[in-house]
Amino acid sequence: MPGSNALRKSCIFIFLSTGPMIGAAYGQTITLNLKNASLRNAIDAVKKQSGYDLVLFQSNLQGAHPVTVNIGAKSVAEAMDLITKGQPISYELKGNSIVVRRKAAEPNETKAIPQNKVINGIVKDVKGNNLQGVTIAVEGQSKRATTTDVNGRFILEVPNNATLIVSLVGFKSQEIPTAATDKEISVVLVEDQKGLEEVVVVGYGTQKKESNVGSQATVKRAELKVPVANLSTAIAGRLAGVVATQRSGGPGSSGANLFVRGVSTFASSPQSPLLIVDGVPDRDINNIDPEDVESFTILKDATATAVYGTRGANGVIIINTRKGKAGKPSVTAEIQHGITGFTYLPKFVDGPTFMELFNEGQVLRGKAPAYSADIIEKHRTGVDPDLYPNVNWYDELFKKNAANSRANVNITGGADVAQYYISLGYYNETGQFKTEDIESYNAALKYDRFNFTSNLGVNISKRTKLDFGINGFLSNYNEPARGRDQIFALATQYSPHITPIRYSNGLWPLVKGTTENPYKAMTQSGISNKYNNVVRSNLRLTQDLDFITEGLKVNGLFAFDVTLDNNLKRSRNLPSYFAEGRDENGALKMTLTDAGSPDLSYELLRFSTRRMYLESSLNYTRSFGPHDVSGLLLFNQSDFADGNERVKSYQAAIPYRQRNVVGRATYAYDRKYLFESNFSYSGSDNFTPDNRYGLFASIGAGWVVSNERFFEPIKSIIPHFKLRYSYGSSGNASLNDPNFRFLYLTKYQQEEDGYTYSFGVPGSQRTYRGYYEQLLKGDVTWETSYRHNLGVELNFFNNDLQFIAEIFKEDRRGILMRGLDIPYISGYNSGNVPFLNIGETANKGIDLTLEYNKKMTNGFFMARGTMNYNSNKAVRDNLPPWAYPYLDREGHRISQRFGYISEGLFKTDEQIANSATQPGDVRVGDIRYKDLNGDGIINSMDQTAIGYGDVPLLTYGLTLGGGYKGFELSMFFQGVGMVDMNYASGYAVTPFSQGKTFGNMYEYVTDRWDPENPDKETLYPRLSTNETVTTNYYTSTWWLKRADFLRLKQAELGYNFSNKTFLDKLSISNLRLYVNGTNLFTISPWKFWDPEMGDGRGVAYPNTRVFNLGMRINFK
Amino acid sequence: MKFRNNKIKFLALLTSASLLMQGCNDKFFDAQPDNLLNIESIFSNRSQTENYWGSLYAEIPDIWNQPYSYNYSAISDEIDASNWADGTLNNFNSGAISSDNVPTPYVKQYRKIRQCGIFINNVDKCQELKDADNGEILIKQYKAEAKFLRAYYYWLAMKSLGPVVILPLNEEDAVGDNYQIPRSSWDECVDFVIKQMDEAAADMPDDHTDTQLGRIGKMVVEAVKSEITLFTASPLYNGNTDLSNWRNLDGKQLISATYEASKWGKAATTAKSAIDIAERNGKALFVKNGADAFETAFLSTRNVFWDGYQTEGVWVRPATNRNQWEISSAPRAIAGTAYNGLALVQEFVDDFRMANGQSIQQSSSYDETTYVKQGTPYFDTGTNAMYSDREPRFYAYVTFNGSKIPGAAKSGMTRVEFYSSGNSGKNGAPRDWPKTGYTARKNIHPTFSVNPGVGVNRVAMLIRLSELYLNYAEALNESQPNHPDIAIYLNKVRNRAGLPSIASGLSQDRMREEIRLERRIELAFEGKRYFDVRRWKVADQDGYRQGGDFYGMDMSSGTSLSDPSFHKRVVAVRRAEWKDRFYFMPWGQMEIDRNKQLVQVPGY
């Protein structure tokens, strides 16, 4: 192996051997039979047999003679005496080390050469843990170096008055002058945050940050520890390039919708990034305890994601869980408890107002009012709440506050042979729903979760490492049988004036033809209880192949995940009545309106999924002088059997299969010029054998300008300046709906109910159920993304200020869409026309990160701003050609909102007569629309692109943190911009869209057109009811309101106790107390409901505001 | 030693990895659904083939699934359902219907048209069916039915859209993917449909009964052709100069502006031929005898819907969601509380004649200000006199204040009370009350009850013999005004309903009015009125007016049965004024966007 020799020669220093011989008995006898062996080999043999450590400089062996000895069962000292006899060296046994020195030279030479001495030392971190693997080198004498052993100890022979450089990746290096007398030194290394990032997570591994040319971003664990159940909720705004929208809050809410660099494909395709946990794709990132996260990384560009082949186009999120750290056991416990409340909750009008407004909607349209004044007055005065009710549903349904708790205990430690990280977490959240005492069940809204993580690393041998990780959680979600968000929906559907919450005689009310009473639904409908059990396991074997060639490793990973969901539903519908009036005795006259089914039903649904993932890879990393090369060749395949509720057919139940061959090569010259190329050859079962495999590739290049010689003069100001660029392709392979697979096959299906026909006289009929084309086959293949990424990295002020800017541009082609341009007279329709690779989109934008970190004697200050702006575009959507260019969806943003342009309200009848005809009833005070095609009729031909849409184009975040002595304060602001929402849908928004007894109204409706004061600016136009169809509630610029917001998402004040004597008594090394708050305030022009909830009706459990008190303890 | 050890491990690892790759390589992606059907498999099996055939019928409308699924009564001058919130009904009645919100049943109809073609082209492949007893005959009949249905679905589309796009029969070959096809003219559409139906009839028996009830035979074909020819002769399609500019892009005129009297003649002969086949196969007007002539007429016109379908039903749909109709129209006084919502407008109530055949305007005994002293089997003592002494169908078809409960009564109740505080009035239910003070009563079985649920299983009659009689009388009155059959066939319908024969010597115009009135009453709520007022092109004229104000009794007043404050005509329903574009429904914008050859109805 000539390469290996060459390398050895160029080796800068010689490692001290700290092999796996710990615990071997010392002072054992030596047996040696050597003939003309090199002195070095002879000493090595003694070392090996004795188990002693060896302290030796190769240069000291200059001029040594070959050794020929025959030693039988001698002591170490005797053996060494024989070996070193006549050699130019002497030796000394110190403890369990053999220290070899050059024999003292002639006295006159002694004065010229500084005298050497042996230094014993120990290196610890700030918490007092011993650090292994720390490099101790002598300044100016790079060959003199060693590393610490598992106990953090080292021995090094150094010249007198030398300066030691103590360094370890992830820690700040220290320079220690050794005074002539120092024989024993103790060093404490401080963690260096920037240092930690020197290695970055990339697809299927890590890379040195310096040589990375791809686009990625990471977030620290501490920032993920927000009091929410879902990790996705915690990261919105933290990372440049992630667009996250949290559409609802409270117990059991799903996580945020995440988009890497916004949405870049049509809604029929998956728009979300690929999620990877511990190297295994498609693992959900929610429900992971943030405490267990080692790193959270997003990959954004083609170079970073091409290795994920058909899955990488929407970006990749990688989470690695924490691994064990060698050292004595370190136990950390954290507990926090908080109170939660809604951020926003719209208010409804009261019953009398509702009735008056309904009358107004009738009268203003020439129709009879529905309620007389004295009836309305009865509702107002509450003279008989059974017959003349007046209910504010939100007030009746919700408590002021709910609670939220989190606790975690973890322990990490280990020795050279094995390291462990074990963690146990608990999360609990309750909701603000009121409950009633019901003996047989508790329908409280709450969520509990237990998490566990256990990661073990075993060094089977010096070159073989086995990592076994297992993690999972068990969650239990409890809600009323009617469902969490359903309660909000019902409150917006239930009029305030039709029934009380419950009649005074104890019966439950219902008006026929309207919806269920929300209070009854919440407290009486039974329960739904969902257990989700998830266990994930990884077994990874890493084998160093440096005996073949240095830097080569082979790696195998097998992962197996199971999920089991157990959904128990026990529901009932208590009989409901309506009070028609009172009899002569004053008792309520009740009619049964729904006999219901008062017994609790029993329904148990179980869903289970199974994933198997197999990966094997060859890794190669090596440096040859100024040349750094690395390579990766990887094979993986996955097999996922979906057994979730969404699986409705056999085709959806067939396991999903994927297979990839992945490669990567990187080359760096002199730490200045960086090159990288990736490819993935991916196969999927989605396509015909002809189209089954796709090749995706990328190239990237970088230039570390700051490492150039010409840069030296300004390097003190700008220590780091890098430019990087990448281009490549990646794919997106499936549709959102699991019931649309095997798109290359035509599928017939038997007709549903309602599409059958019967023959025969009543009593002896036969029903015929035919067949229809559920889907026509299409010749389909991948959707492919082509992406450019250009990045600049700049550091200033001793690396305290870091700036990263990236611009990107993406073209997406071959997006799977239906060929919707075929007329329906063909007998086909949008439900069964084939999918084809016909869609095209484009996306471009910019990510910025600016970060400042400053450590001071007594504290620190940090600030980080991130920003992402992206602008996407539908390039080709294959809709039929439009009659007018302004109707064309192509050229606009993906999912662009289309609607009418409002020109204000009609002021006069002449104006109506002279304007284009609007369908339905049109009067003064109604919204006047612009007749874009000038045909005198307002219809869908007059719609055009209006506004932005409810996914923001601009996302930004600002994190501020500081510490002084023991105090720490941090604040995280999240903001979005260039987003708007349409306030014109939903029962509580559109007045009386379902008549007088169905639907509630938000109080915003009171700001309405007033015939007395027709010129006043109002939110609502002339009122109407469902009986008069108007055009007022069309999607139009009238109802479009900006929904930008800036929110103090998170703020925390903490104190770290430093009274050592007190803490020592409790065996605590560190104690931190903190208070924090989530969603503390929001600034937004959108006033109707929480702007983060998005478009639509404002009908969901809102995001919550949380105030938390917590404590974190590190035990000794 | 170590060196070698590692090497072995490495080799073992590599081998196992490559084995894994190799081992599953061949079949890894081969899993695909093995349960997928295709045309070949469907038509290889008799049961599947017959299922395919049977559901070719499935887009035949269920005319009693009212008011939502089949909504023609609620969007014409028959009934109002505006107390309930249905967007489609409101769009029609507010005049807001447009190409953006119009229902698009033609999507399903064209789907069936395609499926009929697929069936015709593939049924011969079914060896199992061929080998069955009478297999060849069955195949011939099935094919003929498919052929009829294909034409019938075109006809359904034509009824609402006017001239439609007719696809070539060998669609796949002729069209490929290019479905840019213009409308055919009305007359071309009719010629095509009639020709197809005639061809189909040649391979059919006259009628099917018992377990085959509902299948198409010659009798049904001829009855449908009677409707088609009657429409085609009518003013909307025959010499309509208002629409002479309705043309395809190439200038083809879609509706003829030239009146052809012969079209009425054809309508008359087709109606007669349909009547002949029906009568030859035993069809007659259903009669159920009662204690007297009045009760006989009442029972005959009421019970025909469950007892008389085999006698009178020319074309029946064996399965119907008649419960939707019964529960929507029956008053709250029904046991279990029905929805009390399908409200007859006063204008329709007024069209029912007195028992002696006079109109309420002609009758001297008609009185809205007094209350009857003595109840009858049809209403209670104290009922307003305006509801007394009316023709028998009034009591069979209309529920009014004081009438007996149409189904099973709530305990303690004997009559329907629509006055404000009454058992089916406005007080006591926030929305389940009829705005006009009347509800529809036709086709509600006397045992009907919501809770406990009681419903008599029955069929829906799509075409009754009485309709054919009226078709014939109408067509004959237009083509041969003095033909004796006009009065004969009109009187068959009148006499069965307990009305005296029509006075002799009426002018053609007077006779036309009588026939049209007879259609309105006899065929009430059966989905005919909406089309009749359109084809007659009279939707803006008195007596046929479809827009504007409609009257009713004052639902917000009244505390007793005989309370005059209730029996007061008030504007109950206000609909948009009629516009001529409402004569046809527009194609949905989706279709206009896709088929660039398709011209929209003028005015949309």
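**Exercises: the B–A interface and two sheets of chain A**

Across the interface of chain B and chain A, 26 residue pairs are in polar contact, both residues at pLDDT 80 or more. The model is predicted.

**Exercise 1.** Describe the side of chain B that touches chain A, by element and by residue class.

*Solution.*
- Start with the elements. Helix α1 of chain B, residues 2-23, gives the most to this side, with 10 residues.
- Now sort the residues of this side by class. They divide into 44 nonpolar, 30 polar and 30 charged.

**Exercise 2.** How many residues does each chain bring to the contact, and what area is buried?

*Solution.*
- Count residues. Chain B brings 104 and chain A brings 95.
- Take the area. About 8200 Å² is buried between chain B and chain A. Carbon and sulfur atoms give 59% of that.
- Find the top contributors. B:Phe28, B:Phe29 and B:Arg594 supply 10% of the area that chain B buries against chain A. No other three residues supply more.

**Exercise 3.** Count the salt bridges across the interface of chain B and chain A, then check the one between A:Glu1027 and B:Lys435.

*Solution.*
- The rule finds four salt bridges across this interface.
- Check the pair. The closest N and O atoms of A:Glu1027 and B:Lys435 are 2.2 Å apart.
- Apply the cut-off. The rule asks for a Lys or Arg side-chain nitrogen within 4 Å of an Asp or Glu carboxyl oxygen, so the pair counts as a salt bridge.

**Exercise 4.** What is the strand order of the three-stranded open sheet in chain A, and which strands are its edges?

*Solution.*
- The order is β2-β5-β4 of chain A, with mixed pairing.
- The edges are β2 (53-55) and β4 (89-94) of chain A, each pairing on one side only.
- Add the twist. Ignoring direction, neighbouring strands of this sheet are turned by 20 degrees against each other on average.
- Inspect one pair. β2(A) and β5(A), residues 97-102, run parallel over three bridges. In β5(A), A:Ile98 is the bridge partner of A:Leu54.
- Place the helix. Helix α3 of chain A, residues 76-84, lies across β4 and β5 of chain A. Its angle to β4(A) is about 170 degrees.

**Exercise 5.** Trace the open sheet of five strands in chain A out to β19(A).

*Solution.*
- Read the order: β15-β20-β21-β18-β19 of chain A, again with mixed pairing.
- Mark the edges. They are β15 (216-219) and β19 (280-281) of chain A.
- Join the last pair. β18(A), residues 274-277, and β19(A) run antiparallel, with two bridges between them.
- Name a facing pair. A:Ile276 stands opposite A:Pro281 in β19(A).

Note on methods. Residues numbered from 1 in each chain as written. Chains lettered and ligands numbered in written order. Predicted model: local features only at pLDDT ≥ 70, side-chain atom pairs only at ≥ 80, totals over all residues. Heavy atoms only, no water. Contact = heavy atoms within 4.5 Å. Buried area = accessible area lost by both parts, 1.4 Å probe. Polar contact = N/O pair within 3.5 Å; in protein donor to acceptor, adjacent residues only side chain to side chain. Helix = DSSP H or I, 4+ residues; strand = E, 2+ residues; numbered from the N terminus. Nonpolar A, V, L, I, M, F, W, Y, C, P; charged D, E, K, R; others polar. Pairing = 2+ DSSP bridges. Axes fitted to C-alpha atoms, helices over the stretch in contact; angles between N-to-C directions.
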